[in-house]
Amino acid sequence: MKKKIIHVIGARPNFMKIAPVFIAIEEHNKGNGDIYIEQYLVHTGQHYGKNMSEVFLGELGIPEPHVNLNVGSGSHAFQTANIMLSFEKVINDLNPDLVVVVGDVNSTAACAITAKKMGVKVAHVEAGLRSFDRSMPEEINRILTDSISDLFFTTEKSADENLKNEGISSDKIFFVGNTMIDSLITQLDKAIQRNTLEKISLTKNGNGSIKYGLLTMHRPGNVDNPDVLISFLKTISLMAVDIPIVFPAHPRTVKQIKDQNLESLFTSTRDVLCNKKGIALIEPLGYLDMLNLLRSAEYVVTDSGGIQEETTFLDVPCLTVRENTERPVTLEQGTNVLVGQNTKLLSKEVAKIVSGKCKKGTIPPLWDGKSSERIVDIIVKKFK
Ligand code: UD1
């Protein structure tokens, strides 16, 4: 029997969550099972260009998307509406049995709604996470997607509880672990081989590697308000006198830095290397270089969801500049500490880490590199 699946990718964090599922289905198809799955990758184009999209696909070993909707940037309504209009045509053309969406970006909700209204079943990977903060666009996307999905694949037990509390019946919820960690486990050896510090001019000839902290910040709540962004960057530049900080910045953040004339807060990578202090603002990195920087960082300051999980897996201290997290297992079992927008607390926590008093964590259950295989087994059973 032949079945057809569409996987939706759109924004940077989607690629590493879908890639291992795609690859696990290829493996399944090599077996002699009675179900062959024809699979298609549909890229909405929410993120685009080399740094934000192309580099990831090559590194993660998945093919060029079969279809690119090329929606690009715009307001939430513009982006969501355009994805829906274009995705409707794709569903009409391909007539899939199942649409797989991941995470919580605009592409996730837009494609889930379109598919469901056309009578196509939807599987949500990374379902059930809740920050309980409806001012975050991602929380709205999570709630919308989970209110209509048919299969719910969860990364942590809190997600199962959230879904049950929202009335989803237990037989649709599958605690499978974390497909993003599947990608991390598969790609870590390759990442370690890269001369990332040399590539970004933070070491010469692979020698004399420096200690560094790593910063990523792109949430509208942190970067769109100039007062908040300025307060963070000033605090972080003071912290960067002990250990320099590398800051691969998202285009949204770079735009704000330029609009607010904040370039003087940063140091060139050459000066960081000479003086061992300062914040080095660099272009967004590909997946392997980012993983390589993450694993060797003294600490990470972030507002990303995925990086809270990656640092927990890698046992690297993580300070999350958000008031809440939809991934509580990283607080309860991992290395994550929430500091919100409290810059004093941020400095205090960094000082603790630098003096060797960092939080120790453990790896959460089922973050073992086999989550995608579990997902494929379940999908195949459901197709029978
Ligand atoms: C989106 C997701 C967010 C995720 C983040 C990861 C939503 C609501 N938000 O936020 O959950 O954590 O991706 O990066 O889906 N831009 C570019 N090039 C790109 C993409 C964006 O220059 O490839 C610039 C554009 O000016 C754009 C802005 O960044 O307007 C924001 O992009 P958008 O996709 O709207 O949201 P993100 O902030 O990337």
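**Close-up 1. Pairing of β9 with β10 in the six-stranded sheet of the predicted model.** Strand β9 (residues 245-248) is joined to β10 by 4 bridges, and the two strands run parallel. Within this pairing, Val246 of β9 has Ala280 in β10 as its bridge partner.

**Close-up 2. The open sheet of 6 strands and the packing of α13.** Read across the sheet, the strands follow the order β10-β9-β8-β11-β12-β13, and their pairing is parallel. Because β10 (279-282) and β13 (336-338) stand at the edges and each has a single partner strand, one side of each remains without a neighbour in the sheet. From one strand to the next, the twist averages 20°. Helix α13 packs on this sheet, where it touches β8 (213-216), β9 and β11 (299-302), and the direction of α13 makes about 130° with that of β8.

**Close-up 3. The open sheet of 7 strands and its edges.** The strand order in this sheet is β3-β2-β1-β4-β5-β6-β7, again with parallel pairing. The edge positions are taken by β3 (67-68) and β7 (173-175), each of which has a single partner strand, so that one side of each is left without a neighbour in the sheet. At the β3 edge, 2 bridges join β2 (residues 36-43) to β3, the two strands running parallel, and Val42 stands opposite Val67 in β3.

**Close-up 4. Helices α4 and α17 lying across strands of the seven-stranded sheet.** Helix α4 (residues 106-117) lies across β1 (2-9), β4 (98-102) and β5 (121-125), and runs at about 160° to β4. Helix α17 (residues 371-383) lies across β1, β2, β4, β5, β6 (151-154) and β7, with a direction at about 165° to that of β6.

**Close-up 5. Helix α7, its start, its bend and its buried residues.** At the start of α7, a side-chain oxygen of Asn178 reaches to within 3.0 Å of the backbone nitrogen of Met180. The helix comprises 14 residues (residues 179-192), which at 1.5 Å a residue should span 20 Å, and this agrees with the 20 Å that separates its end C-alpha atoms. Helix α7 nevertheless bends by about 40° at Thr186. Its buried residues are Thr179, Met180, Ile181, Asp182, Ser183, Leu184, Gln187, Leu188 and Ala191, and these buried residues pack against α1 (12-30), α2 (49-60), β5, α13 (287-296), α14 (305-314) and α17. Among these partners, β5 is a strand of the seven-stranded sheet, while α13 is the helix that packs on the six-stranded one.

Methods:
Residues numbered from 1 in each chain as written. Predicted model: local features only at pLDDT ≥ 70, side-chain atom pairs only at ≥ 80, totals over all residues. Heavy atoms only, no water. Pairing = 2+ DSSP bridges. Contact = heavy atoms within 4.5 Å. Axes fitted to C-alpha atoms, helices over the stretch in contact; angles between N-to-C directions. Expected span 1.5 Å × (residues − 1). Bend = angle between axes of the 7 residues up to and from the residue. Buried < 20%, exposed > 50% of the residue type's maximum accessible area, 1.4 Å probe, protein only. Polar contact = N/O pair within 3.5 Å; in protein donor to acceptor, adjacent residues only side chain to side chain.
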